[in-house]
Amino acid sequence: MGSPELPASRARDRARSAPQALHHEYVGDWGFRPIVPTQIGRGGRTFLVVVFWFMLVASVELWWLDTPARSIHGAGAMMTEGGRITGMVAGFLLLAQVLAMSRVRWLERWIGAHDLLTWHRELGAGLLILVLAHVVLITFGYASESGVSVFAETDSIWHTLVAMISAYIATAILVAVALLSIRKLRRRMPYELWYYLHLAGYLVLLLSYGHQFADGQELSKGGFGHWYWVCLYLFVVACLIQGRIIGPITLNLRHRLRVAQVVQESNEMVSIYIEGRRLEDLDVQAGQYFRWRFLARGCWWQAHPFSLSAAPNGRWLRLTVKSAGNHTSDLQNLRPGVRVFAEGPWGIFTAEHRRRPAAMLIAGGSGIAPIRALMEELPTGMIVLYRARSLDEIVFRDELEWLAEQRQATLRYVLGSRDDPEPRRAFSPDGMREIAPDLRRRDVYLCGPPGIVDASMAALRRLRVPRRQIHMDPFEF
Ligand SMILES: Cc1cc2nc3c(=O)[nH]c(=O)nc-3n(C[C@H](O)[C@H](O)[C@H](O)COP(=O)(O)OP(=O)(O)OC[C@H]3O[C@@H](n4cnc5c(N)ncnc54)[C@H](O)[C@@H]3O)c2cc1C
């Protein structure tokens, strides 16, 4: 069996490893590390959902405490109060939105980056509706109470309330960001452009701060409501600074990552070996990913997510990149020595988050990267399905076969085009049951192109595999 070599930039490593086989290194001093399932994610998620609803109710409670009994008379007052309530809830949702994307470690570990993103999207739609409702209700409510037209009232609000310009700008940015996030529109523009425009969302937090504290009746007068809201803001901003700035800078100063070696795995895939200082202290697991910024010409201004394709071993990290567009094509020509700035690790597509002692792993395309890494950290006896059009497309063949032997795993390549009988059978409920008769007692790890993910999900649903046992790592945001 041919075997890939280790990255060999340091003389000591070169002497020790090259041309030693990769797998010899694993069974040598490192071995397979046992990963114990965690309870943190399960309890943490429930805890956060409870806290979220509690605090959402608390934001309405602030309005309640500030509104004297029997003080609401008539349609105009009702609209104004409706406007105040939607304003308070929108203010809270905005903070929850930013927190979800703060990339702070504890939150990511409890919920997972992908679910956080889903929450962020869903909350975003709610936030937009609430902000628009707030603007309309307040304007119409005030107009009705003062007995003037809506236009006259808009003019009056503009001139009398202190921070209205920032409030209108914040609303305009929010609407623009929401429009840009519509899937059809987003797909039409380069990811990086969408990402940087989306960052304008932070301005909404800044601009609405002034409006809430200057014009919000519940918050402008000092007292409990005011300080409670200040604490919420401080907490979210602290998480943001930690997750987006301090965490990544500390990681990179500590580990000083560099490209050690680039190995061609197939026509369109390369593995990039990364070395650095004190990698044994890096708290990372197989199945997780980093956002990698390669500080080379033409690449440095973009950070893209790639999963580890080998379990961490304390000496180097490996990612495997398929050429999918401009950036990933440039990475195929990366040179050893290039400095790397990494943010992460993220993801709960890990052995730690499993529910059952046995697992089935399904991979297609570049999805083999995290699946290959997980083969080292999941318990022995797993079943691995690897979908490819032909044997030539299979990457890591030697490693996979060697790992299957070491880990008493069943490895099955599902080859052929989409309409061939073998793939159709393998991803049907009957086919899956044939491959893994005990499937309902296994965790399923799924990573690949949408076709494979959808077909597998449909079969797993038909076979009634519990949703909590299915772990997905869709390579898309
Ligand atoms: C969590 C995660 C893990 C991933 N792991 C791997 C891996 O191990 N190996 C691998 O080959 N690919 C992986 N990908 C996919 C990889 O990130 C994209 O293929 C790559 O970013 C495409 O960039 P491009 O400029 O070459 O292509 P483009 O043509 O610009 O984009 C191709 C597709 O990738 C999306 N994309 C582009 N840039 C980004 C970005 N910065 N962040 C998120 N999506 C982006 C675009 O929306 C588009 O759908 C992963 C993606 C995610 C979300």
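**Close-up views of a predicted model**

**View 1. The open sheet of six strands.** The six strands of this open sheet follow the order 4-3-6-1-2-5 with antiparallel pairing, where two strands pair if DSSP finds at least two bridges between them, and where strands (E, at least two residues) and helices (H or I, at least four) are DSSP runs numbered from the N terminus. Its edges are formed by strand 4 (304–307) and strand 5 (316–322), each of which pairs on one side only. Within the sheet, strand 1 (residues 257–266) and strand 6 (residues 339–346) are antiparallel and are joined over two bridges, with L257 opposite V340 of strand 6. The model is predicted, so that local features need pLDDT of at least 70 and side-chain atom pairs count only at pLDDT 80 or more, while totals for chains, interfaces and linings use all residues. Residues are numbered from 1 along each chain as its sequence is written, and side-chain values use heavy atoms, with hydrogens and water left out.

**View 2. Strand 10 and its neighbours.** All six residues of strand 10 (residues 442–447) are buried, meaning under 20% relative accessible area (1.4 Å probe, protein chains only). R442, V444 and L446 lie on one side, and D443, Y445 and C447 on the other. Strand 7 (residues 358–364) runs parallel to strand 10 over six bridges, one of which links A359 with D443, whereas three bridges join strand 10 to the parallel strand 11 (residues 470–472), where V444 is partnered by I470.

**View 3. Surroundings of S208.** S208, a residue of helix 11 (residues 201–215), is buried at a relative accessible area of 11%. Leaving aside residues up to four places away in sequence, S208 touches L94, A170 and Y233, contact being heavy atoms within 4.5 Å.

Note on methods:
Buried means under 20% relative accessible area, exposed over 50%, partly exposed in between (1.4 Å probe, protein chains only).
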